[in-house]
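Reader: I have just opened this entry and would love a friendly tour. Could you walk me through it, one question at a time?

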There are 2 protein chains.
Amino acid sequence: MERLPIGEAARRLGLAPSTLRYYDERGLVRPAGRVGGRRVYGRQELRRLAFLQIAQRLGIPLQAAGEVLDAPGERWRKGLEEQIAALDELIARARGARDFLVHARDCPAEHPARECPVMVGLLDRMVDGTPFEQIAAEHHPS
Amino acid sequence: MERLPIGEAARRLGLAPSTLRYYDERGLVRPAGRVGGRRVYGRQELRRLAFLQIAQRLGIPLQAAGEVLDAPGERWRKGLEEQIAALDELIARARGARDFLVHARDCPAEHPARECPVMVGLLDRMVDGTPFEQIAAEHHPS
DNA sequence: AAAGCGGTTCAAGCCGACTTGAAGTCAAAT
DNA sequence: ATTTGACTTCAAGTCGGCTTGAACCGCTTT
């Protein structure tokens, strides 16, 4: 059972040791134990770190991710439902935005954000209160 | 030609007036002008704000979004290419993560993050250095 | 014995994106 | 005449997520 010192654990996940200390302090990922006062990390902890990394790259706050990770049975599943819904929304928005940017890129106007009628029209709808989510969804019906 | 005071402009976009002042100060969105010392916003500025809103919700830093918006012709298109690529990556990651969470949700284990073999296996691959992008891409080939 | 390495704690600093508070201006409504 | 409301500036505060710096410890290598 390999138990890695902080530096090695951090290296594996592409993080700085200070980050792991910070996570420890915040109670997000506590080391498996201490050996001579030094933090040592095991598989479980590395997995927790990996999980947090994924969550974080998707814009989920560390706090929320940590809670999902610690929630038992039912609560865990509920937390996941929320995150899945959030991801579905994110994906829809991203696809809408992508189409939008692709259009902008292909538009012959010199300054599409000012001249392109499609782009301007879309922005104007936002200005008039239509949430981007909706515009994105229209253009990209799930 | 309607020129809205800061409060009205902010309301239209669901922002706080202080946010618009902040954007002005940072040079991201300057009001169309001043009337009696007060900021007034026109269509162009509202569109800029809408654009920044979209960008921001996708995790693009304000600075970057503002630069894309101001870049002329070729540079604009280059900036867009980058953002489109970034979005493609984001979408791929999000879809991978979604599958991952869906699996976790459907896993009968009490604590999937600890017990579910698929989940644990995935996390372990990350621990061993495989970037999540790659794992996500495998599971969700574009 | 001294230097280097990798850890330790604690406090402070930094960045982005704002928000909040204090003090003032101005026009319209009571 | 005064109060209300929306604005102005400027300085400072907040929050998340770290990083940095100072001082120290214990082991190994030179």
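Reader: How many nonpolar, polar and charged residues does the surface near DNA strand D have?

Author: Happy to start there, keeping in mind that this is a predicted model. DNA strand D is surrounded by 17 residues, and among the closest are Ser18(A) and Arg39(B). By class, that surface divides into seven nonpolar, five polar and five charged residues.

Reader: Which element gives the most to the surface near DNA strand D?

Author: Let us begin with two contacts. A side-chain N or O atom of Ser18(A) is 2.7 Å from a phosphate oxygen of DNA strand D, and a polar side-chain atom of Thr19(A) lies 2.6 Å from a phosphate oxygen of that strand. The elements that give two or more residues here are helix H2 (17-25) of chain A, plus helix H1 (6-13) and strand E3 (38-41) of chain B. With four residues, the one that gives the most is H2(A).

Reader: Where do the atoms of DNA strand C within 4 Å of the protein belong, and what percentage is sugar or phosphate?

Author: Two contacts make a good lead-in. A phosphate oxygen of DNA strand C lies 3.1 Å from a backbone N or O atom of Gly7(A), and another contact puts a phosphate oxygen 2.9 Å from a side-chain N or O atom of Arg21(A). Of the strand C atoms within 4 Å of the protein, some belong to bases, while the share in sugar or phosphate is 74%.

Reader: Which residue has a polar side-chain atom 2.5 Å from a base nitrogen of DNA strand C?

Author: In all, 18 residues surround DNA strand C, and the closest include Thr19(B), Tyr23(B) and Gln56(B). The closest residues also include two from chain A, Arg38(A) and Arg39(A). The polar side-chain atom 2.5 Å from a base nitrogen belongs to Arg38(A).

Reader: Which element gives the largest share of the surface near DNA strand C?

Author: The residues of this surface divide into seven nonpolar, five polar and six charged. Five of the residues near strand C come from one element, the largest share, and that element is H2(B).

Reader: Why do E1 and E2 of chain A each have one side without a neighbour in the sheet?

Author: In chain A, three strands form an open sheet in the order E1-E3-E2, with antiparallel pairing. Strand E1 (4-5) and strand E2 (33-35) each have one side left without a neighbour because they stand at the edges, each with a single partner strand.

Reader: Which residue in E3(A) stands opposite Pro5(A)?

Author: E1(A) and E3(A) run antiparallel and are joined by two bridges. Opposite Pro5(A), the residue in E3(A) is Val40(A).

How values were computed
Residues numbered from 1 in each chain as written. Chains lettered and ligands numbered in written order. Predicted model: local features only at pLDDT ≥ 70, side-chain atom pairs only at ≥ 80, totals over all residues. Heavy atoms only, no water. Near = heavy atom within 4 Å. Polar contact = N/O pair within 3.5 Å; in protein donor to acceptor, adjacent residues only side chain to side chain. Nonpolar A, V, L, I, M, F, W, Y, C, P; charged D, E, K, R; others polar. Pairing = 2+ DSSP bridges.
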